[in-house]
Amino acid sequence: MGKHPNSRNGFKKGENKGKENINWKGESTKYRGKHMWVSRQKGKASNYFCVDCSKKAREWSNVDHEYKRIIEDYFPRCKKCHIIYDKKHNDK
Ligand SMILES: [Zn+2]
């Protein structure tokens, strides 16, 4: 009897990877991709100050939350103000 290729167990589902994925919840690759784009255009948000409270910014926040490729639509905000802003303007 010869060896069958499907006796290999290389492709087990859900080991190791699942753990990491939990941390990624709520942040889709799409979202991340857009933010990477902004960072490439303008640099890291942490190089700026939050437009609302003047503390150090952490994230790029988008005017209409559609994350279009319009650089003027992005503002540096700290985490707190970003959440507040998104609640105010994008609460749907
Ligand atoms: Zn702030």
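Me: What pattern does the protein follow, read along the sequence?

Reply: Happy to start there. Reading a fold usually begins with the order of its elements, and here that order is α-α-β-β-α. The protein has 3 helices and 2 strands. Keep in mind that this is a predicted model.

Me: Where in the protein is confidence lowest, and where is it highest?

Reply: With a prediction, look at pLDDT before anything else. The mean for the protein is 78, and 63% of its residues reach 70 or more. Confidence is lowest in helix H1 (residues 17-23), with a mean of 50, and highest in S2, at 96.

Me: How do the strands S1 and S2 run, and how many bridges join them?

Reply: For a pair of strands, check direction and then partners. S1 and strand S2 (residues 74-77) run antiparallel and are joined by 4 bridges. To follow one of the pairings, take Trp60, whose bridge partner in S2 is Pro76.

Me: Which residues of strand S1 point one way, and which the other?

Reply: Side chains along a strand can be sorted by the side they point to. In S1 (residues 59-62), Glu59 and Ser61 point one way, Trp60 and Asn62 point the other way, and all are buried. S2 is likewise covered on both faces: Tyr74 and Pro76 are buried on one side, Phe75 and Arg77 on the other.

Me: Which residues make up the largest nonpolar core?

Reply: The general idea is that in soluble globular proteins, nonpolar side chains tend to be buried together. In this model the largest such core has 9 residues, among them Trp60, Tyr74 and Phe75 from the strands we just looked at. The others are Val38, Ala45, Cys50, Ala57, Cys78 and Cys81. Tyr74, setting aside neighbours within four places in sequence, is in contact with Val38, Trp60 and Asn62. Across the protein, buried residues make up 16% of the 92 residues.

Me: Is Met36 buried or exposed?

Reply: Count the neighbours. Met36 has 12 other C-beta atoms within 10 Å, so it is exposed, since the cut-off for that label is 12 or fewer. Met36 sits in helix H2 (residues 29-42).

Me: How far apart are Met36 and Trp60 in sequence and in space?

Reply: They are 24 residues apart in sequence, and their C-alpha atoms lie 9.7 Å apart. For the wider view, take contacts between residues at least 6 apart in sequence: 42% of them join residues at least 24 apart.

Terms used. Residues are numbered from 1 along each chain as its sequence is written. This is a predicted model: local features need pLDDT of at least 70, side-chain atom pairs count only at pLDDT 80 or more; totals for chains, interfaces and linings use all residues. A nonpolar core is a set of buried Ala, Val, Leu, Ile, Met, Phe, Trp, Tyr and Cys residues joined through C-beta atoms within 7 Å. A residue is buried if 20 or more other C-beta atoms lie within 10 Å of its own, exposed if 12 or fewer, and partly exposed in between; C-beta atoms are placed from the backbone. Two residues are in contact if their C-beta atoms, placed from the backbone, lie within 7 Å. Two strands pair if DSSP finds at least two bridges between them. pLDDT is the predictor's confidence in each residue, from 0 to 100.
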